[in-house]
Amino acid sequence: MSLDGRPGDRREGPSPVTGNGVVLEDSNRPALAPMSSQRLRLIPNKDHNPDNYDDMELDFSPSIFTSLERFLPPSMLGMPRYDKVKFMTEILLKYLPHGERNRVQKHRDYRQKIISNYQPLHRELYSMHPATTFVTPFLKAVSDNTEESFRRIMSEPSPGVFTFEMFQPQFCELLLSEVENFEKWVNEAKFRIMRPNTMNKYGAVLDDFGLETMLDKLMENFIRPISKVFFAEVGGSTLDSHHGFVVEYGEDRDADLGFHVDDSEVTLNVCLGKQFSGGELFFRGTRCDKHVNSGSHSEEIFDYSHVPGCAVLHRGRHRHGARATTSGHRINLLLWCRSSVFREMKKYQKDFSSWCGECLREKKERQRMSIRATKRELLRREGESTA
C-alpha cells in the first residue's frame, strides 16, 4: 500500500494537497508583521463575505482561497488580497514538499500541452448541464438540500457508505465515448499520459484533458451539499479541490484493486458501464493514520456490487478495495474531494473518534474503565463507612 507520493495517489499516510502558489508582491507596500504565529479559526466566519480571486495569477484553484478565507483570523479579514493570499499560500504549501514543486510544474505544462492539442468529441460534456446529466430524483434532492431529501434517494447499507442513482444513461454513454476518443488520440499521437495513480495501469485523469471546470461544479454544487450533511466531521462542508479520473477493469485492463485508503476527505465513485461481472467493492471500516492497519470488526465488513449510473459516496479514509472483474469491461468515474481547511485543522487535533472506528472504540473503552474505577472507589468508600 505504500506509494510514490504523486498527487492523487491512493496512500496510507498523510496525503499532500497538490498545487503550488506563486504570488508576486508589490515592493512599494509596507512589509507585514510576521504571521507565522497566526492560526486558522476552528469555526468559519459565516458573516464574512470573502474576496474573489479569479483574476489573480495563482497555481491553486481560486475557489480554495475563497473557501479558506472564512477561516482566517479576524485581524486578517480586512487585509489586502495579496496579503491574505500570501498567508493562505504558506499554509497550502505545507502539504507540498519542496522537492515536489518542479514535478508539479512539469505536470502543469503536461496538462496544458494536452488541452492545446486534443479536440473534444462531445463539447457539451465540458460544461455542467444538470438536466441532461443527473436523474430527476437526485436533482430534486439537491435542490431541496435537506438531510431528509437526501435520505429519500439514498440507502446506507453500511455505516458511512451511501449509495444512490445519480447519472442518466445518456450522460454515461457520452462520457465513455469521450474517454475512448481521448485514448484513441493518445495512441495515434503516441502521447504518453499519466495514469490516475500508481495502483491503476489503465484509465485517465479527466482534469488533464479539460474536464476540470465541469468536475469543480460537480463537487461544489452537488457533492459538497451532501457531504456537509453526512461528512461534516472530515471537512465535508469545506471541500475546495478535487482529483477526477476514470479507471478501467476487465480483460486487457486492470483486474482488481488492492486494499487502500484514498487521498481525499470524501470520495464519489460512479459506475459508467459497460457489461461486466465481478468487480465488487469491499469496505473494512474508517481509520485515521495511526490505526489504518488495524483489524476490521464484523459490523465494518461490507461488499457492494456496482450498477451503471449509480454512485457510492464515502469518506476517503474508509478502507476499501475492488475484487477482480471476472468478465466484460467496467469503467468507473472517481472524484476525490479534498478540504484544505480540514487538512490544516487536523494537524492540531488528537481525537478522531468522530470518524475513526478504532479511535471511537478506544474512547469507549477508556470510558468503561473510568466508570468501573469510579464504581470500585464508591464501593470501597461505602465499605469503609459501614465498618
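Two strands count as paired if DSSP finds at least two bridges between them. Keep that in mind for this predicted model, where Phe282 has Asp303 in β9 as its bridge partner. Here's the big picture: the secondary structure of the chain comes to 10 helices and 12 strands. Of its 387 residues, 50% count as buried.

**The whole chain**
- The chain exposes about 19,200 Å², and carbon and sulfur atoms supply 50% of that area.
- Take the contacts between residues at least 6 apart in sequence: 81% of them join residues at least 24 apart.
- There are 21 aromatic pairs in the structure, and we'll meet two of them further down.

**An open sheet of four strands**
- As a bit of background, strands of a sheet pair through backbone hydrogen bonds, and they can do that in a parallel or an antiparallel way.
- In this open sheet the four strands come in the order β5-β11-β8-β9, and the pairing is antiparallel.
- Which strands stand at the edges? They are β5 (257-260) and β9 (301-304); each has a single partner strand, so one side of each is left without a neighbour in the sheet.
- Neighbouring strands here are turned against each other by 20° on average, ignoring direction.
- Zoom in on β8 (residues 281-286) and β9: they pair in the antiparallel sense over four bridges.
- The match between Phe282 and Asp303 in β9, from the opening, is the one to look for here.

**A stacked pair between β8 and β9**
- Phe283 lies in strand β8 and Phe302 in strand β9, 19 residues apart, and their pair links distant parts of the chain.
- Their ring centres are 6.2 Å apart and their planes sit at 25°, so this pair is stacked. The cut-off for that label is planes under 30 degrees apart.
- Phe283 counts as buried, because its relative accessibility is 0%.
- Phe302 comes in at 15% relative accessibility, so Phe302 counts as buried too; the limit for that word is under 20%.
- Phe302 also has company from strand β1 (residues 155-158), where you'll find Ser158.
- Leaving out residues up to four places away in sequence, Ser158 touches Glu299 and Phe302.
- Ser158 has 5% relative accessibility, so Ser158 counts as buried.

**Strand β4, under cover**
- How many residues of strand β4 (residues 241-250) are buried? The count is 10 of its 10 residues.
- In a regular strand, side chains alternate between the two faces of the sheet.
- You can follow that along β4: Ser241, His243, Phe245, Val247 and Tyr249 point one way, while His242, Gly244, Val246, Glu248 and Gly250 point the other way.
- Strand β3 (residues 204-205) runs antiparallel to β4, and two bridges join them.
- For Val205, the bridge partner in β4 is Phe245.
- Strand β12 (residues 325-338) is also antiparallel to β4, with 10 bridges joining the two.
- In β12, Ile331 is the bridge partner of Glu248.

**Aromatic rings elsewhere**
- Phe245 forms an edge-to-face aromatic pair with Trp336, at 5.1 Å centre to centre and with 85° between the planes.
- Phe245 lies in strand β4 and Trp336 in strand β12, so this pair ties together parts that are 91 residues apart in sequence.
- Phe245 and Trp336 are both buried.
- Another spot to find is one aromatic cluster formed by Tyr110, Tyr118, Phe182, Trp185, Phe191 and Phe209.

**Two polar spots to look up**
- Is Asp55 buried or exposed? Asp55 is exposed, because its relative accessible area is 57%, and the cut-off for that is over 50%.
- You'll find Asp55 in the segment before α1 (62-69).
- The side chains of Asp55 and Arg81 are joined by a polar contact of 2.7 Å.
- Thr89 lies in helix α2 (residues 81-93), and Thr89 is buried, with a relative accessible area of 5%.
- What does the side chain of Thr89 reach? At 2.7 Å, the Thr89 side chain reaches the backbone oxygen of Val85.

Methods: Residues numbered from 1 in each chain as written. Predicted model: local features only at pLDDT ≥ 70, side-chain atom pairs only at ≥ 80, totals over all residues. Heavy atoms only, no water. Axes fitted to C-alpha atoms, helices over the stretch in contact; angles between N-to-C directions. Buried < 20%, exposed > 50% of the residue type's maximum accessible area, 1.4 Å probe, protein only. Polar contact = N/O pair within 3.5 Å; in protein donor to acceptor, adjacent residues only side chain to side chain. Contact = heavy atoms within 4.5 Å. Phe/Tyr/Trp six-rings, centres within 6.5 Å; stacked < 30°, edge-to-face > 60°. Areas by Shrake-Rupley, 256 points an atom, 1.4 Å probe, with all protein chains shown as cover.
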